[in-house]
Every structure is written in structure tokens, then in C-alpha cells.
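This report goes through the local geometry of one chain. Keep the sequence and the coordinates open while reading.

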Amino acid sequence: MRVIIVGILVALIGLYAAAVASTPSQEHAAIVAPTTEFSAAERYETNQGGAGTFRGMVNADVFSQPSSNITTEERLLFSVGNGFFKRVWVTAPSSTKSADGLGPLYNARACQRCHLKDGRGHPPSANWPEDNAISMFLRLSIEPQNEEQVALLESGRANVIPEPTYGGQLQDFAIGGLAGEGRMVVTYEEFPVELAGGEIVMLRAPTYEVSDLGYGAMHADVMMSPRVAPQMIGLGLLESIDPYDILAQADPDDSDGDGISGRPNVVWSSELNDVALGRFGWKAGEPFLNQQNSHAFTGDVGLSTPVSPYAWGDCTENQPSCLAAYDGNDEDGHEATAEMMELVLFYTRNLAVPARRNVDDPTVLTGKELFYETGCIACHTPKYVTMTLEESPELSHQLIWPYTDLLLHDMGEGLADARPEGRASGSEWRTPPLWGIGLTETVSGHTFFLHDGRARNLTEAILWHGGEAQEARDAFAAMDPEDRAALLRFLESL
């Protein structure tokens, strides 16, 4: 069923008009239409993740719970998948054959090291050696150098051209006998922003460098993009949003003149052997969760998988000692087997979204009204009804409230990384879902937001919005302090 739907999507990728023309039923449209009534909470609003919403105790483990609507047998699969998500991989060869194959280069020895408690990553508190960039790394790429590379990008078969020596991302760790690739160095410069009412907020603008390069100089024109690990909840539900509902929101030329465009990223799907709609990653560079997981196993931990069968991980031909290292491949040529990846896929698809809190609080309702009226929902689309998926009934036909359109938007020069990825430009980012954002401190112990964690709280995150979001950002800055506090209270309830 999913393949059929995606096949239809591929046919529609270049036909936005056709997508918009395929209007949903009146009942469907009425259900997902943004409310205009803010005197009380909407029906089912507490269930952000539909019937799978987790309604138990709110504590540091609240992002690590299984969907409430999976069966007892599926909970066992969830737990086994969680075990592989937490597995600490070791260097090959080892006596624990099923857990070796680490690296040779890597950022972490386990998925859980970056996605601690399935929550959000953070920037280092200081540069090496005072702290290490765990849960954050630098993506690396260069402009195409020849016609072959141009063709790769234009066809969608590649999102970027990796840096010739250091590959697609900087790995700061390596197995014994090899050097790590280098250390991310981040420097902040603070500047003040004055809000209505006289409040002064200090924003910190980061710059990034790499020290202790282990394999010689980087390409002179290397492009670097810092990324923190995103939270893991609700990913299966995001994957189950009908592509028609996403494409119907695209307005790449801003034909309606509202200042908001929204473009889908179009990226390569190994599953389809064709291009597909990008949904996952900070620039929507991955189409499906299994591919996202597989590329993370390879890039972050250095493991081969059925989708990404590269035992050498992100090593390049300019790192021959890295390519020559032992691997942990089984007889099928995989370090992380197909069975392991299926279980990890089930786990990552079914991490539940926690229930909303305080939905009837008058201040939260006021903040919600301000969020809607200031245009934030032009990108942060409140709700969807997921597709009907025969193979995944727990994700099927659910009313969910992720507050994202999963499209790319120009966020202005302040947030630009100047590094294109697929169809995403150097200033475009995918609208991140907001569900669970108010529990970041509870789960992750911090309140760092945005792709590189530069924002130290929600106020700073909003004030960094530029480009298409400039008008909404300015409206927030111009609010009286009481209204700003109400809007923040609404976000904290998500």
C-alpha cells in the first residue's frame, strides 16, 4: 500500500497544481482545518499522537514510551528494537560478532548516545578538550566539480557532493590505530535584541571551524553545516501523513502573495530506486524512516546495513588506512542485519507522542490564539489525519497534531548554513514538528533549540526566525510582555 501511494507521489512531484486539485473530502477538510475558536480546547487536542498518545507519567522517560495502541506482542518487538537502538558497538573482529563493526570512523558507539532518552541533542558546553561534541556534528560537502557530479545532483541521486577526504560528515572518533577526523570548534558572538516593553534578549551567533585535522587539509571551499540530533517521538506518524496533504501546502512561487512559499525536498529513495518526497532530517534530506535510520547507522556509527552496505562507513579513498580496517560484515555483507534494522524501524516508528498538558488553561488558550493569528501556522500546520495503511494499523487514520508542514522554507541569512542539500537551498530548513517541545528540559535536561542549538530557550528560537518567518517573528517581538508569555505557555504545553 505504501509503495503504491509513494508511486503516485513520485508522479506528482512536479505537478503541484494536480496535487492541489486533488482536494480531500469535506469531512476530512473540516477536521484538519485550523480552528478559529479559542475559548476552549478542541476535541481530541490532548491526544497529539492520536490513539497512540502516551498518557502516563511525565518524567525523563516520557519520550521513550511505545505507542499506546500497539499490541502486547508488538510491545515485545518495540523492546527488542530499543535494545538495538541502545546497543554499544565494538571494533571488529571481536568475540561478540553480532555487535562488532564499529567505525572505522564514527561519532558515537550507539544511537542512544546522541538521542539520549530519545530526546534532542545539544551543542557542547565548551570546545575540546574541555567538552566533546556528542549529539552534534558537522555535515560536510563541496560544490560539484565536474559534469558527472552535476548530473548526480540534478537527477536527485545524490543530495550533496561529499568533501573529497573527509566525506559527508566530520567524525571525531576512530577505532584503535586510526586518527579521528578532527574537532568541531564553535565560537559565539552575542548581540542584543530589544522587545516591546523594554526587555533585552541576548542572542548568540555561532561560527564553526575544525581543529586537529587527522587527514590533511580540507577542500578550500568546503561547506559545513552543524546539526544537533533531533528528538525521536512521532516519526512513524510523520511518515504516515498523506503526501497529497503535504504537497497541497506547497507554494514555491508564493502565488498567493502571503509571503510564505514552502517547497518539498525531492530526494533519492533506495527503496523505490527513484526520487520521492523528503520528510526527515533538518533539510528533509531523507524520504523514509528506514533510509534515515540506515544512513545514520552508517554515517554516525560506521555500520553497514542492507540499505547502506558500506562497512567502511564514511571513509573515503583519500583515507586508505580507514578503508583497509577490519569490518564486521556477516555472510550477507552487513554489520547491522536486515532483522536488526526491521526491529529498529518498528521501534523508531512507534515512539509515542506524549499527551498535551494544560490545554484548557486560559493563558494557554490565549497563547494558542496568538500563535494562530500571528501566522505561525502558515508553516507549523497544526493537524492531519494520517493515511490508511494496512500494514501499520496503529499509525493508520489517526488525527495528529505535529505543527509542521514538512516543507522547506527560507529562514533568512541569520540561520543560513550556506550549504544546499537536495533541492534545499543554503537558507532553507524543513519546518520542525513542535509536539513535545515543551518537554525538552524534562527529557534532555536543557532548552537548546534550532538546528545547531544556538537558541537557549524558546524566546531566542523565535527571535532567530527570519526570511519567510520574519513577519511572524516581528509580531512576537512587538507583543506586550503578557501576550509573549502566553504564546510561550502555549508552546510549553505541546
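The report covers confidence, helix packing, a hairpin and some backbone details.

**Confidence**

The model is predicted. Mean pLDDT over the chain is 94. A score of at least 70 is reached by 95% of the residues. The N-terminal stretch, residues 1-21, stays under 50. The model has 35 contacts beyond four places in sequence for residues 1-21. Where pLDDT is low, predicted coordinates should not be read in detail.

**Helix packing**

Two packed helices are described by the angle between their axes and the distance between the axes. Two such packings are tabulated here.

| Helix pair | Crossing angle | Axis distance |
|---|---|---|
| H4 (residues 72-86) and H11 (residues 338-349) | roughly 110° | within 7 Å |
| H12 (residues 362-373) and H16 (residues 481-492) | about 95° | 7 Å |

Take H4 and H11 to begin with. Their axes cross at roughly 110°, and angles of 65 to 115 degrees count as roughly perpendicular, so H4 is roughly perpendicular to H11. On the H4 side, the contact is made by Glu74, Leu77, Phe78, Val80, Gly81, Asn82, Phe84 and Phe85. H11 contributes Met340, Leu343, Val344, Phe346, Tyr347 and Thr348. By class, the contact of H4 with H11 has 10 nonpolar residues, three polar and one charged.

Now H12 and H16. The axes lie 7 Å apart, at an angle of about 95°, so H12 too is roughly perpendicular to its partner, H16. From H12, the contact takes in Thr363, Val364, Thr366, Gly367, Lys368, Leu370 and Phe371. From H16 come Asp483, Ala486, Leu487, Arg489, Phe490 and Leu491. The residues of this contact divide into seven nonpolar, three polar and three charged.

**Aromatic pairs**

The count of aromatic pairs comes to 12. One of the pairs is formed by Phe85 and Tyr347. Their ring centres are 5.2 Å apart, and the planes make 45°, a tilted arrangement. Phe85 belongs to H4 and Tyr347 to H11. The two residues are 262 residues apart, so the pair links distant parts of the chain. Both Phe85 and Tyr347 also appear in the contact of H4 with H11.

**The hairpin of S7 and S8**

Strand S7 (residues 266-269) and strand S8 (residues 274-277) run antiparallel. Four bridges join them. Val266 of S7 stands opposite Leu277 in S8. Val267 faces Ala276 in S8. Four residues lie between the strands. In this hairpin, Asn273 has a positive phi near 55°.

**Backbone exceptions**

Most residues other than glycine have a negative phi, and most peptide bonds are trans. Which peptide bonds are cis here? The bond joining Ala92 and Pro93 is one of them, with omega about -5°. Another runs from Gly103 to Pro104, with omega near 15°. Pro93 is found in the loop between H4 and strand S1 (105-106). Pro104 also has its place in the loop between H4 and S1.

Asp118 is a residue other than glycine with a positive phi, near 60°. Asp118 sits in the loop between helix H5 (111-114) and strand S2 (136-141).

How values were computed:
Residues are numbered from 1 along each chain as its sequence is written. This is a predicted model: local features need pLDDT of at least 70, side-chain atom pairs count only at pLDDT 80 or more; totals for chains, interfaces and linings use all residues. Side-chain values use heavy atoms; hydrogens and water are left out. Two strands pair if DSSP finds at least two bridges between them. Axes are lines fitted to C-alpha atoms, for helices over the stretch in contact, and angles run from 0 to 180 degrees between N-to-C directions. Angles under 35 degrees count as roughly parallel, over 145 as roughly antiparallel, 65 to 115 as roughly perpendicular and the rest as oblique. Contact means heavy atoms within 4.5 Å. Ala, Val, Leu, Ile, Met, Phe, Trp, Tyr, Cys and Pro count as nonpolar, Asp, Glu, Lys and Arg as charged, and the others, Gly among them, as polar. pLDDT is the predictor's confidence in each residue, from 0 to 100. Rings of Phe, Tyr and Trp (its six-membered ring) pair if their centres lie within 6.5 Å; planes under 30 degrees apart count as stacked, over 60 as edge-to-face and the rest as tilted.
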